[in-house]
Amino acid sequence: MSKFKTNHLHIICADLENMKTFWTKGIGAAFKEDRSFGGAAGAVLQLDELQINLRVPKSSEAEVEPNKVSYGYDHLGLEVEDIESAWAHLATFGCSIESGPTDLTDRKIVFLKGPENITLELIQFLH
């Protein structure tokens, strides 16, 4: 069987500068470079081992209505040390709680709605 490892996450966004600010100042990703993706303006960020590519829509792409159910990306899970302080920090960047926080046997989780309706799950493992 082939071995797989993460390489990148690609997010299409309407407001590139706002998303760059959210991912760098809110989440703590490092800005690597501005880059064009197939003629669409974008940026490359790095979060741990995951490269995050942001770009605006190409002229050939149609916009999906916000909050309309579609198949594909659901959420990105991010491990944090202190879930309360992490979501309070992200609230300053416009994130709101979608569900939770929920206490499970070995972890706490909370789902947040972020810029442009992206969904993030924060996970704090209890040791």
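Student: What is the strand order of the open sheet of four strands?
Tutor: The model is predicted. Pairing in this sheet is mixed. From one strand to the next, the twist averages 20 degrees. The order is S5-S8-S7-S6.

Student: Which strands stand at the edges of the sheet?
Tutor: An edge strand here has a single partner strand, so one of its sides is left without a neighbour in the sheet. Two strands fit, at residues 76–79 and 96–103. They are S5 and S6.

Student: How many bridges join strand S7 to strand S8?
Tutor: S7 covers residues 107–113 and S8 covers residues 119–125. The two run antiparallel. Val110 stands opposite Leu122 in S8. The number of bridges joining S7 to S8 is seven.

Student: Which strands does helix H2 touch?
Tutor: H2 spans residues 83–91 and packs on the sheet. Its direction makes about 155 degrees with that of S8. The strands touched by H2 are S6, S7 and S8.

Student: Is the pair of Phe22 and Trp23 stacked or edge-to-face?
Tutor: A search of the whole structure finds one aromatic pair. The ring centres of Phe22 and Trp23 are 5.6 Å apart, and their planes stand at 80 degrees. Planes over 60 degrees apart count as edge-to-face. So the pair of Phe22 and Trp23 is edge-to-face.

Student: Is Trp23 buried or exposed?
Tutor: Buried means under 20% relative accessible area. Phe22 has 2% relative accessibility and counts as buried. Trp23 has 1% relative accessibility, so Trp23 counts as buried.

Terms used:
Residues are numbered from 1 along each chain as its sequence is written. This is a predicted model: local features need pLDDT of at least 70, side-chain atom pairs count only at pLDDT 80 or more; totals for chains, interfaces and linings use all residues. Side-chain values use heavy atoms; hydrogens and water are left out. Rings of Phe, Tyr and Trp (its six-membered ring) pair if their centres lie within 6.5 Å; planes under 30 degrees apart count as stacked, over 60 as edge-to-face and the rest as tilted. Buried means under 20% relative accessible area, exposed over 50%, partly exposed in between (1.4 Å probe, protein chains only). Two strands pair if DSSP finds at least two bridges between them. Axes are lines fitted to C-alpha atoms, for helices over the stretch in contact, and angles run from 0 to 180 degrees between N-to-C directions. Contact means heavy atoms within 4.5 Å.
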